[in-house]
Amino acid sequence: MKQTREIKNFIYSQYFTDGLRISFGVLLPPLLLSQLGHLETGIAVSMGAITTSIPDNPGPVVHKRNGMLFCMLFMVIVSLLTGLINDYPLLIVAEVFFLCFFFSMFNIFGNRASAIGTAVLVIMIINIDQNFTIKTIFEYTGFLLAGGIWYMGLSLAVSQFRPYRIAQHAIAECIEQVAEYVKLKALFYDGKADFDDTYKKLIDQQIIVHQQQDNVREIIFKNKMFLKDPTNTARVLTLVFIDIIDLFEQTMATHYDYTAIRNTYSSSGILKDFNKIIFNLARELENMSFDINANERPRPVQDFKQQLEELKIRIDQVENNLVLKKILINVRNMVSRIENMYSYFSKKGLENVGISNEKDLGRFVQTQTIDLKLFIENLSFKSSTFRHALRVAIVAIIGYGVSKLLPLGHHSYWILLTIVVILKPGFSLTKTRNYERLIGTIIGGIAGALIVHYVKDTTIRFFFLMIFMIGAYSFQRLNYVVSVLFMTPYILLMFSFIGLGNLSLVQERIMDTFIGSFIAFIASYLLFPSWEYPQLRKHMRKLLIANYEYLTKVAEGLMGKELDLTEYKLIRKELYVSSANLASAYQRMLSEPKSKQIKVREASKFMVLNHMLSSYIATLISALRNDGTRQANQAHIKLIRRALYQLCEGISQLQGDDEPFLETELLAVDTQLPSTEDNKDSRLITDQLGFINKTAGDILKTTQRFTED
């Protein structure tokens, strides 16, 4: 049942939709033109469509359109340039070096610009060594442009026909990843689960959740259909996304001293009840995700009212149950949030529900502009992008030289293509992409060879070609190994239709991939390598600053200051971004050689402690938002001042070439506040601040050990 639902979920997903769209756009021109006896022309048009599809990533329609337009512009220029100088080897070498450097620098402008650079380099590589006359190169480039225009028109038409599907897919995937995070949180109430392993998985999952949230922000908060006079559909999707972010924070707020909770309450059996209801919340989110992805109206499948009542009865039977009641409140809030999300899909649920204005929503999206000044500023060895671009340019020359010196067949440009595609800014990313491409090429090559050798019927071959093509384009953003596995037999079958499909082509493909991968791997280790350890300090410092700002919101709330919801959410977003960036850098470091994995234990502990700290802070902020009353006493302020001081000391320890940190003016103890308050809420706040203070102290100690020589 679960596998069937996963298959359906994939079929409804944006990945499969993209695969169908790209496959149709690429396959139709050669099919039609071959009927007229112009197969080569159809292949050229198809090549233009493939190139234009590379930067066609999910996002606002205007960004997709601009990306494809710039891609076509550069494609035409590079195609003409390469075709005109093909007879001059020295000029080709100069072109390879300069263009590989120039377009690799596009990484500084974001993923879409980076995709444009890769697409244009693919055209350059394919055109190298082709025999063109002045007439034929202009004709060929015209066919490329026609293919680009055709694909762009197709993509924009699909976007206009179903304008909200991209957002639906992205939000559904975001909800699904939050559900996975909730499942991991449920493990804290499982007596058999290992805390350290669960924390590690939580941090890894937090990276994925952050990436998904960023994708949705890009699609919604930069799209005028969602901001100016939105339709009911646009309002529903926006409200659901806002609530899923708040629900994610609510999940973080269900964080306490789980060791003490397990020791105190495990014998009562109440923890199993918490584990069950939190896991059921995750299943409910998965149900909602599936319905949104399938473009169906989501309907709840569980009765949480009864589950909550039964849980409350069980809690009332446990002694010293104050902490359990606070956790129950958080669970109730999560249930309420899910019910709100379901209610948006009815007209009644949309009544009297407002959305922040366009200006506020726009502040949550980082704008990446194409700025020549930024390009020039990065022309320095201090810039990792510059070192990467220079590495790509040098290695591309080496790959081109190898392809000319060794008798590797008629498609030795595959060496250069492999280098450009898999060589990434960091060693670990290059290493991962290397393995994925090799595995996919070998398995896909064997599968393709078997089909070419044994399947002689052209209709069946064409059927396989379509399956492999759709698979390759469907998985290109989802799973690179699977994408390459489908791509290799797809290419082999495509060559078989023009009389080039044989076992020697398979051998050539695999050999060229091995050579290109080997060159790229060695270069990433020896040539201007970019290791993650030097970057960890910057990421750690940014995360500490984010937690510092987060804690100041608690201080302001306890002192009675009204919480600015937009400012609070911006600080929360920055915290999630900083946490995800650090965890990503740490994961990449673990893929590097052992000699480059420095202070691994300290970095891991730092991440876990900061996750705990942000969770403790989220718990307090949640209480303040729900209560809203001034509950502070002198002991609370002293604890906050101490925690802020320790975080500030940690930030100072990590000071490098970054901008100096301006600490918040520390709160003075208000003598008019009571020294202590003997009530349950006050004691619980004191306990939570005690956890925050202790965790901040542990972070400072860990930071000191990390910065020791």
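The exercises below, each with a worked solution, concern a predicted model.

**Exercise 1. A network of charged side chains**

Determine which residues form salt bridges with Asp18, where the partners lie, and whether each of them is buried or partly exposed.

Solution. Begin with the whole structure, in which a search finds 17 salt bridges. Side chains of opposite charge can pair when their charged atoms come close. The cut-off needed here is a side-chain nitrogen of Lys or Arg within 4 Å of a carboxyl oxygen of Asp or Glu.

Step one takes the pair Asp18 and Arg21, whose side chains meet with an N to O distance of 2.9 Å, which satisfies that cut-off of 4 Å. Both residues belong to helix α2, which covers residues 14–35, and they are three residues apart, or about one turn of the helix.

Step two takes Arg477, which also forms a salt bridge with Asp18, the closest N and O atoms being 2.5 Å apart. Because Arg477 sits in the loop between α22 (458–474) and α23 (480–496) while Asp18 sits in helix α2, this pair ties together parts that are 459 residues apart in sequence.

Step three settles the accessibility, for which buried means under 20% relative accessible area and exposed means over 50%, with partly exposed in between. Asp18, at 4% relative accessibility, is therefore buried, and Arg21, with a relative accessible area of 9%, is buried as well. Arg477 has a relative accessible area of 37%, so this residue counts as partly exposed.

**Exercise 2. A salt bridge within one helix**

Describe the salt bridge between Lys312 and Asp316, giving its distance, the helix that holds both residues and the accessibility of each partner.

Solution. The closest N and O atoms of Lys312 and Asp316 are 3.1 Å apart. Both residues lie in helix α14, which spans residues 304–316, and they are separated by four residues, about one turn of the helix. Lys312 has a relative accessible area of 39% and is partly exposed, and Asp316, with 43%, is likewise partly exposed. Elsewhere, salt bridges that share partners join Asp18, Arg21, Asp56, Lys64 and Arg477 into one network.

**Exercise 3. Two helix packings**

Classify the packing of α4 with α5 and of α3 with α7 by angle, and state the handedness of each crossing.

Solution. Two packed helices are described by the angle between their axes and the distance between the axes.

For the pair made of helix α4 (residues 61–84) and helix α5 (residues 89–104), the angle is about 165° and the axes are 11 Å apart. Since angles over 145 degrees count as roughly antiparallel, α4 is roughly antiparallel to α5. The crossing of these two helices, α4 and α5, is left-handed.

For helix α3 (residues 39–53) and helix α7 (residues 134–161), the angle is about 50°, with the axes 7 Å apart. This angle leads to the conclusion that α3 and α7 are oblique to each other, and their crossing is right-handed.

**Exercise 4. A nonpolar patch on the surface**

Identify the residues of the nonpolar surface patch, find which helix supplies the largest share, and place Ile439 within this picture.

Solution. The patch is formed by Tyr435, Ile439, Ile442, Ile443, Ile446, Leu450, Tyr454 and Phe514, which together have about 800 Å² of accessible area. Helix α21 (residues 427–454) contributes the largest share, namely seven residues. Ile439 lies in this helix, α21, and is partly exposed, with a relative accessible area of 42%.

**Exercise 5. Positions along the backbone**

Locate Asn295, Lys599 and Ile422, and report the backbone feature given for each of them.

Solution. Asn295 has a positive phi of about 60° although it is not a glycine. This residue, Asn295, lies in the loop between α13 (270–293) and α14, and at 43% relative accessibility it counts as partly exposed. Lys599 also has a positive phi, near 55°, without being a glycine, and its place is in the loop between α26 (565–590) and α27 (600–627).

Ile422 belongs to helix α20 (residues 413–422) and, at 0% relative accessibility, is buried. The C-alpha atoms of Ile422 and Asn434 are separated by 6.2 Å, although the two residues are 12 residues apart along the chain.

Note on methods:
Residues are numbered from 1 along each chain as its sequence is written. This is a predicted model: local features need pLDDT of at least 70, side-chain atom pairs count only at pLDDT 80 or more; totals for chains, interfaces and linings use all residues. Side-chain values use heavy atoms; hydrogens and water are left out. Patches are made of residues with over 30% relative accessible area and no salt bridge: like charges are joined within 9 Å, nonpolar side chains (Val, Leu, Ile, Met, Phe, Trp, Tyr) within 5 Å. Accessible areas come from the Shrake-Rupley method with a 1.4 Å probe; for residues, only the protein chains shown count as cover. Buried means under 20% relative accessible area, exposed over 50%, partly exposed in between (1.4 Å probe, protein chains only). Axes are lines fitted to C-alpha atoms, for helices over the stretch in contact, and angles run from 0 to 180 degrees between N-to-C directions. Angles under 35 degrees count as roughly parallel, over 145 as roughly antiparallel, 65 to 115 as roughly perpendicular and the rest as oblique. A crossing is left-handed if the near helix is turned anticlockwise from the far one by less than a right angle, and right-handed if clockwise.
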